[in-house]
Amino acid sequence: MQNIDTSNLNQKQSEIWNMVKPKAGVTMLKGKAGVAKSATCKGIADNVLIDGQPLQFIDLRLSQMDETHFGFPYRKQREQARYEGDDTEIMCYALPKWFEDACERPTLINFEEINRCSQDVQNAALEILNERTLHGKKLPDHVYMIATGNMGEDDGCNVQEFDNALINRLILVDFELSYEEWCEYYANENVVNYIVDFVGDFKEKHYYTTKSKILENEGLPFATPRSWTNLSKVLMPMAENNDFSSLVNFVKKYGKSYVGKDACVDFLEWLGSVHNITFD
């Protein structure tokens with residue numbers, strides 16, 4: 001019997017894992033773009049230990065896939081001919097590597113952007129979501145599944161409506177990650193302090209993420225936990241080396257490419273005030 005250790009899960013991860021673990025339907029996290037849906041799934045995989053080992057995490061970005069990613073058909077001779085001279089061929093499928101990898105050890109599969117993929121891909125995924133099988137091969141009990149999707153009009157994304165066969169298999173969860181949760185679960189240890197403090201000081205400007213900001217900046221960069229995290233990865237070495245001038249110059253030149261013009265302008269002004277206070 002497997003020993004499952006979930007003591008490292010934070011509260012949000014634990015709540016979601018408790019829905020995933022029974023395999024009674026597939027939990028789908030539905031939320032705005034960039035609010036750490038996939039990162040939360042990855043965090044669950046990293047922090048659920050089965051016999052001391054974390055779950056293997058397989059992230060299937062369905063919007064970038066086609067039906068061949070779920071098995072490529074080929075023809076082969078029948079192994080047993082019904083009579084001499086019988087050259088009848090049968091259709092078989094080469095199973096994808098990600099499926100075979102999942103069969104080998106405890107795994108969490110994330111069907112990402114399931115409501116933004118093509119209909120062919122959604123149909124191909126339906127067999128797995130419904131029956132836990134792909135072309136007749138069944139997933140072992142050690143494989144867990146989760147799905148993520150965007151909001152549609154609420155976050156400026158084009159999404160597909162689910163048919164009854166799919167939606168009846170999904171457990172739809174409205175996913176939100178507040179600023180406080182972002183800080184507690186991730187940002188305080190992984191995002192440069194300048195960004196964490198600025199976003200907290202400018203909550204009224206909605207530089208964390210809101211529906212209005214996303215729609216106002218449609219087609220342009222905008223501030224989300226993901227975009228702030230991406231900017232932080234560039235700024236972190238400069239902050240660690242106390243190279244404040246390089247940090248400011250980078251934000252001035254490229255910051256709007258990460259978080260949008262409005263957030264960048266206010267962030268630069270805030271950095272200047274923080275530097276002056278520190279200097280004094």
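Accessible areas here come from the Shrake-Rupley method with a 1.4 Å probe. On that basis, the protein, which is a predicted model, has an accessible surface of about 15400 Å². Carbon and sulfur atoms account for 46% of that surface. As for what sits inside, 44% of the 280 residues count as buried. The chain is built from 11 helices and 12 strands. Contacts reach a long way along the sequence, too: taking those between residues at least 6 apart, 73% join residues at least 24 apart.

Next comes the sheet. Five strands make up an open sheet, and reading across it gives the order β5-β8-β11-β2-β12, with parallel pairing. The edges belong to β5 (56–61) and β12 (170–174). Each of these two has a single partner strand, so one of its sides is left without a neighbour in the sheet. Going from one strand to the next, the twist averages 25 degrees.

A look at individual pairs fills in the picture. Edge strand β5 pairs with β8 in the parallel sense, over 6 bridges. One residue to look for here is Arg61, whose bridge partner in β8 is Glu112. On its other pairing, strand β8 (residues 107–112) runs parallel to β11 (residues 143–149), and 5 bridges join the two. Thr107, for instance, has Val143 as its bridge partner in β11.

Helices pack against this sheet. Helix α2 (residues 37–47) touches β2, β5, β8 and β11, and its direction makes about 175 degrees with that of β8. Helix α1 (residues 11–20) lies across β2 (26–30), β8, β11 and β12, and it runs at about 120 degrees to β11. Back at the edge, the two faces of β5 can be told apart: Gln56, Ile58 and Leu60 are on the covered face, while Phe57, Asp59 and Arg61 are on the uncovered one.

Then there are the aromatic rings. Searching the whole structure turns up 17 aromatic pairs. One of them joins Tyr179 and Trp182, with 6.2 Å from centre to centre and 50 degrees between the planes, which makes the pair tilted. Both residues belong to helix α6 (residues 179–190), where they are 3 residues apart, or about one turn of the helix. Tyr179 and Trp182 are both buried.

Phe250 and Tyr254 give another example. Their ring centres are 5.1 Å apart and their planes meet at 45 degrees, so this pair is tilted as well. Because the two are 4 residues apart in helix α10 (residues 244–259), about one helical turn separates them. How covered are they? Phe250 has 17% relative accessibility and therefore counts as buried, the cut-off being under 20%. Tyr254, at 38%, counts as partly exposed.

Rings can also join up in bigger groups. Phe198, Phe202, Tyr207, Trp228, Phe267 and Trp270 are linked by ring pairs into a cluster. Finally, a ring can have a charged partner: Lys12 lies over the face of Phe175, at 5.2 Å from the ring centre.

Terms used:
Residues numbered from 1 in each chain as written. Predicted model: local features only at pLDDT ≥ 70, side-chain atom pairs only at ≥ 80, totals over all residues. Heavy atoms only, no water. Buried < 20%, exposed > 50% of the residue type's maximum accessible area, 1.4 Å probe, protein only. Contact = heavy atoms within 4.5 Å. Pairing = 2+ DSSP bridges. Axes fitted to C-alpha atoms, helices over the stretch in contact; angles between N-to-C directions. Phe/Tyr/Trp six-rings, centres within 6.5 Å; stacked < 30°, edge-to-face > 60°. Lys NZ or Arg CZ within 6 Å of the ring centre and 35° of its normal.
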